[in-house]
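Biologist: Shall we go through this one together? Please take me through how the helices pack and what sits inside.

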Amino acid sequence: MTSLDSKTQIVVVGNGMVGHHFVEQLHQSDANVEITVLCGESRLAYDRVYLSSFFSGASADDLALTTPAQYAEWGVNVVTNALVTDIDRDNNKVTTSEGQVFSYDKLVLATGSYPFVPPIPGNDQEHCLVYRTIDDLLAIEASAAVSKVGVVVGGGLLGLEAANALKQAGLDTHVVEFAPQLMAVQLDQAGGNVLKDKIEALGVTVHTQKATQTIEAGDTCRYKMVFADGTALETDMILFSAGIRPSDQLGRKSALTLGERGGIIIDNHCVTSDPNIYAVGECALWDNKIFGLVAPGYTMARTAVSHITGGDAEFAGADMSTKLKLMGVEVGSIGDAHERTEGALSYTYLNQPEGVYKKLVVDSEQKLVLGAVLVGDTSDYDTLLQYALNSIELPEHPESLILPSSDAAPALGADALPDTASICSCLNVTKGDIVSAIEGGCCSVGDVKGETKASTGCGGCAALLKNVVDSELEKRGVEVSKAICEHFNHTRQELFHIVKVNGIRTFDELLEQHGEGLGCEICKPAVGSILASVYNDYILKASHLPLQDTNDIYLGNMQKDGTYSVVPRVPGGEITPEKLILLGEVAKEYNLYTKITGGQRIDLFGARVEQLPDIWEKLVAGGFETGHAYAKALRTVKSCVGSTWCRYGVQDSVGTAIDLENRYKGLRAPHKIKFAVSGCTRECAEAQSKDIGVIATEQGWNLYVCGNGGMKPRHADLFATDLDTETLIKYIDRVLMFYVKTADRLQRTSVWMDNLEGGLAYLQDVVVNDVLGINEELEAQMDAVVDAYQCEWKTTIKDPESRKRFRQFVNSSASDTNIQFVSERGQVRPATEAEKVAGKDQFIPVSMV
Amino acid sequence: MTAAQNVIALEQAVQWHLVCETNDLVTNSGVCALVDSQQVALFCLKIKGETQVFAISNYDPIGKANVLYRGLLGSIGGAPVVASPLYKEHYFLETGLCKEHDDVFVTAYPVKVEGEKVFVGI
Ligand code: SRM
Ligand SMILES: Cc1cc2nc3c(=O)[nH]c(=O)nc-3n(C[C@H](O)[C@H](O)[C@H](O)COP(=O)(O)OP(=O)(O)OC[C@H]3O[C@@H](n4cnc5c(N)ncnc54)[C@H](O)[C@@H]3O)c2cc1C
Ligand code: SF4
Ligand code: FES
């Protein structure tokens, strides 16, 4: 028994997501307890839900949910690599594999689960792996690096995530599933089929109804999997994702009551068969169910904290609905997806060409939503889930909820939700909680997040949370701010309008009349770009200079070590041998790293700020102009060789690319703009991935708009066909100027199009049919910008005052000694911090020019 | 031109170095001076018609490069800041504190302007 004056000793076994949530909640309860955490892994709790983001660049630190420092601040004792091996229930003690012993008053088991590996002969070889921990990921990464083909065994939710990871690692990826369909727990057969088609279209091969019998040595790959039906599949690595099993070994050893198929049995307070021992998360069995999601685990953790601190919260099961994106395919499953409820009826919608499947399951009276399956389009998920969770009565035609937006579709606005509606199931936040946070003074999504913690778990509720917050704020007369930053209470579009209508020519004028404070790195470049789009003055004019990002001021892109890159324009990618030689000579003289870019030109890296004017002087003298690689402006117009040389070319794509590049060079825009011109339908210039794409036809040119190849690729839309060159240019003028006028700051044309009300048809109406009556103005504006073009480098090197800007020091001609290079593959590269510490002898001397 | 206010009290404690003349500064932008092998970023701000000069270390402790003088100037809640050109953290010009990270700061130096001459105290 605990004596009165000593703190209650709480020992937590396992520091996964749920174990950590328990510690955090108990700490916040201010109970008089001493918490000891025994963590089986080498690291403290991390976000397993986002585990896969490790493969897209997240580090272990990014995934961490806490740090040793935070636990120390909370007064929580924590031991890592402490695998608990025994519980001595008679004496309230636990022992770790290292032999350490800890006493407890209350013990909390949060040991989670482990991946099930089917008992197939050969499943224990070196490249047979699982997917659960960061260490597993490191092993997968290492194995993928020496493999060409990868197989995931198991086509459930985690299996498909694992397949995505292998795909991203560049492997030829296969999924082998025992059942006749993918995601059999969440989806019905029809939904599974649509998902399979979509995933195969992404290049992953799916094999259903395959039972693996042995894993043998392969002929063409490392291994060969032999299936029960006699077929076989060769692979270099195998990832098992065939389900999870509760980590209940400790319970078994210490004779706690377990379920028939495993799992430590708990009651509604999360207490096990021993009143001093709790179990929470994936190791716990409640009502004969294991909950393999984080939200129910969090609820269990809060329930256990409540019970320990004398509260009366009870665990009452959890909703297992899920919405996720697997390899870019949206999938949602709500409630009774399999129509198991007696008398259940369903509505289905199947759109095979677009790969969309939706099923709505309702009760026999067609009053309530029982469940739903969504594949390929989950935009109805939030609404359907709210219907299901809050027993909201269905509208007259329930099918309208899943049919593509017919006018009849009654949207369930945030307003229609009752206060009890659960908005964030991970953190258990209702609409009522959000309303009271707003009444308590929160006036933004950020505030509400901070106050209620809503949307800080899986993040699936972010859109719904924003809807509720915005609608509640609007109800209270708060205008939801679309202001660009704290200095201007206007959107970029509004500022553009103000500048134009009032003829404002400087930032200071605009700030004085329409803003406050001194400005910042958001509004200054945005206004700089607006002024440039409207007037196209010399960008480094004294009044404009302070508006520019460092890249625009120094007319080069700053690199990680503070040096700059030099990117001369090479219109259309066409370059003479003389110019190539000059680039080589300049690079050699200044010892610059030289690389062909992805934009068909040549980038010279590692120029110190004080070298830039001299370098550009030589380049300009040789006929080069700035390539605007630093600017939110036209970058490149890629071309293919076209009809001049290519036996298939039907038009002169190089000539047109050069003309277009020369016409639009220097045009400042909300974001960078890229073009490409292909000489025939084979599309070697990849024009359909560009902001403006032009493809030659027998009759003229097809124009594509608003494509993107970067962070979120978007196929360009076919805007007009068989244009003559004059009309082509006219249309491009109008499209670009309309974009410049109306887009948001840092919005590429692709995102602009996705947000443009009316979409492509509207843009065609504006540009081709002139519905707004602004085409003349758009063209005049473009002509003015084209006429005002100047090469910024040419202007800069001629002006001694501007050249002064490129001194490293105002009072010395020394160079920055922190910039150091080492040699790699015959060229320079920046020295790493470690190399700098290791010693200077290995450095390449910097040329002193 | 007047120097930043907090400087006067410090005048006794520091050693003043003449670094440049006022026409070497660029209004609403930065330049860099080498003082005793220290790189000092100098910023000249026009605030409500009055010009003030600030000095902080030029080394960006997060980007690990000598670049702060090339950052954009602005204000946060009225206090003047520079945004690092590398990863855009904000440093308050008066104190050198980093807005985004509690435990990161750069040295802020006192500045005084006498006639055309600009001095930094180190
Ligand atoms: C040099 C180059 C890589 C190379 O070695 O090939 C490059 C380098 C950079 N890219 Fe890029 N991109 C380069 C071609 C591309 C391409 C391919 C292309 O243009 O055909 C793309 C995808 C196409 C597209 O933009 O749709 C590309 C998509 C991006 C993005 C993502 C943009 C997006 O909206 O998704 C960024 C980030 C941004 O702009 O915000 C970016 C940003 C950058 C920055 C500016 C990052 C930075 O701030 O330091 C890099 C600076 C380069 C420098 O110092 O000169 N770079 N970048 C290529 C220069 C092309 C040129 O000649 O100007
Ligand atoms: C790739 C992946 C994606 C997922 N995606 C989602 C999702 O999108 N949405 C969702 O809701 N859920 C998702 N999950 C599930 C979610 O991660 C789990 O529900 C959650 O992590 C369970 O938490 P837990 O604390 O019970 O178990 P765990 O996080 O597994 O933690 C248990 C910890 O206990 C330790 N341990 C075990 N035995 C001992 C012992 N004897 N002594 C000491 N320590 C021990 C283990 O090493 C482990 O660190 C995903 C899981 C994975 C693997
Ligand atoms: S992809 Fe572009 S931005 Fe990213 S590292 Fe390469 S060059 Fe830089
Ligand atoms: S539902 Fe997971 S964070 Fe809100």
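Modeller: Happy to! Helices α20(A) and α23(A) are roughly perpendicular, a label for angles of 65 to 115 degrees. This is a predicted model, where local features need pLDDT of at least 70, side-chain atom pairs count only at pLDDT 80 or more, and totals for chains, interfaces and linings use all residues. Residues are numbered from 1 along each chain as written, chains are lettered from A and ligands numbered from 1 in written order, and side-chain values use heavy atoms, without hydrogens and water.

Biologist: At what angle do α20(A) and α23(A) pack?

Modeller: Axes are lines fitted to C-alpha atoms over the stretch in contact, with angles from 0 to 180 degrees between N-to-C directions. The axes of α20(A) and α23 (residues 775–787) lie 9 Å apart, and the angle is about 90°.

Biologist: How many charged residues does the contact of α20(A) with α23(A) have?

Modeller: Contact means heavy atoms within 4.5 Å. Among the residues making it are A:Lys730 and A:Asp733 of α20(A) and A:Glu777 of α23(A). Counting Asp, Glu, Lys and Arg as charged, the contact has six nonpolar, two polar and, as charged residues, six.

Biologist: Which helix gives the largest share of the largest nonpolar core?

Modeller: Such a core joins buried Ala, Val, Leu, Ile, Met, Phe, Trp, Tyr and Cys residues through side-chain atoms within 4.5 Å, buried being under 20% relative accessible area (1.4 Å probe, protein chains only). Of its 60 residues, A:Phe675, A:Leu703, A:Ile732 and A:Leu763 touch the most other members. The largest share, nine residues, comes from residues 725–742 of chain A, helix α20.

Notes. Buried means under 20% relative accessible area, exposed over 50%, partly exposed in between (1.4 Å probe, protein chains only). Helices (H or I, at least four residues) and strands (E, at least two) are DSSP runs, numbered from the N terminus. Angles under 35 degrees count as roughly parallel, over 145 as roughly antiparallel, 65 to 115 as roughly perpendicular and the rest as oblique.
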